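Work through the exercises below with the sequence and the model side by side. Each task is followed by a worked solution.

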Amino acid sequence: MSFLNSMNISASALTATRLRMDIIAENMANMNTTRTASGEPYRRRYVVFQEMQTSNRADRSFRLFFDRAAGNLRGGVRVVDIGTDMSEFNIDFNPGHPDADENGYVRMPNVEVVQEMVDMMAAFRAYEANITALNTMKDMAIRTLEIGR
């Protein structure tokens, strides 16, 4: 694996994780949104990641061996989907709310604060780990260049 390929892998993880944190922040910002453009409460969203690979590992073609020898196999992660959580809405008794039904119940978004905070901490830790890996690779490159002096 080449040095620049390692940096590309960390960069792809940073980009994907930043999007994950943005979606989590959006969920938390809309946790009290009872009416969207579709007329129903906000639905929680989530990010789906997939491994990036230019060549199939099971592939035994000449191209795979050439790419491996040249260091062109690119790993990393990419976002393949931003899904919508279709679980039931939370129900809150609030007869004075403009979106309350005839019984006084309001359908609230299916966003749970605790779940979002745990997801945000996990995303932050992943982001932090990739920054550390990137800085380590940078330090290794600098030390390698210093050997030549």
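**Exercise 1: a residue in a strand**

Ile-91 counts as exposed, because its relative accessibility is 55% (exposed is over 50%, buried under 20% and partly exposed in between, with a 1.4 Å probe and protein chains only). The model is predicted: local features need pLDDT of at least 70, side-chain atom pairs count only at pLDDT 80 or more, and totals for chains, interfaces and linings use all residues. Residues are numbered from 1 along each chain as its sequence is written, and side-chain values use heavy atoms, with hydrogens and water left out.

Task: place Ile-91 in its strand and find its bridge partner in S4.

Solution.
1. Ile-91 lies in strand S3, residues 90-93 (strands are DSSP runs of E with at least two residues, helices runs of H or I with at least four, numbered from the N terminus).
2. S3 and S4 run antiparallel and are joined by 4 bridges (strands pair if DSSP finds at least two bridges between them).
3. Within S4, Arg-107 is the bridge partner of Ile-91.

**Exercise 2: two faces of a strand**

Task: sort the side chains of strand S4 (residues 105-108) by face.

Solution.
1. Val-106 and Met-108 point to one face and are buried.
2. Tyr-105 and Arg-107 point to the other face and are not buried.
3. Tyr-105 also belongs to a nonpolar surface patch with Ile-91 and Phe-93, and together the three have about 330 Å² of accessible area. Such patches join nonpolar side chains (Val, Leu, Ile, Met, Phe, Trp, Tyr) within 5 Å, from residues with over 30% relative accessible area and no salt bridge (a side-chain nitrogen of Lys or Arg within 4 Å of a carboxyl oxygen of Asp or Glu). Areas come from the Shrake-Rupley method with a 1.4 Å probe.

**Exercise 3: neighbours in helix H1**

Task: decide whether Ser-12 is buried or exposed, and list what Ser-12 touches.

Solution.
1. Ser-12 sits in helix H1, residues 3-29.
2. Its relative accessibility is 10%, so Ser-12 counts as buried.
3. Leaving out residues up to four places away in sequence, Ser-12 touches Met-52, Gly-76 and Val-77 (contact means heavy atoms within 4.5 Å).
4. A polar atom of the Ser-12 side chain lies 3.1 Å from the backbone nitrogen of Val-77.
5. Ala-11 is also in helix H1, but is partly exposed, with a relative accessible area of 34%.

**Exercise 4: the whole chain**

Task: state the order of helices and strands along the sequence.

Solution.
1. The chain has 3 helices and 4 strands.
2. Their order is α-β-α-β-β-β-α.
3. Of the 149 residues, 26% are buried.

Methods: A polar contact is a pair of N or O atoms within 3.5 Å; within protein, one must be able to donate a hydrogen and the other to accept it, and residues adjacent in sequence count only if both atoms are side-chain atoms. Patches are made of residues with over 30% relative accessible area and no salt bridge: like charges are joined within 9 Å, nonpolar side chains (Val, Leu, Ile, Met, Phe, Trp, Tyr) within 5 Å.
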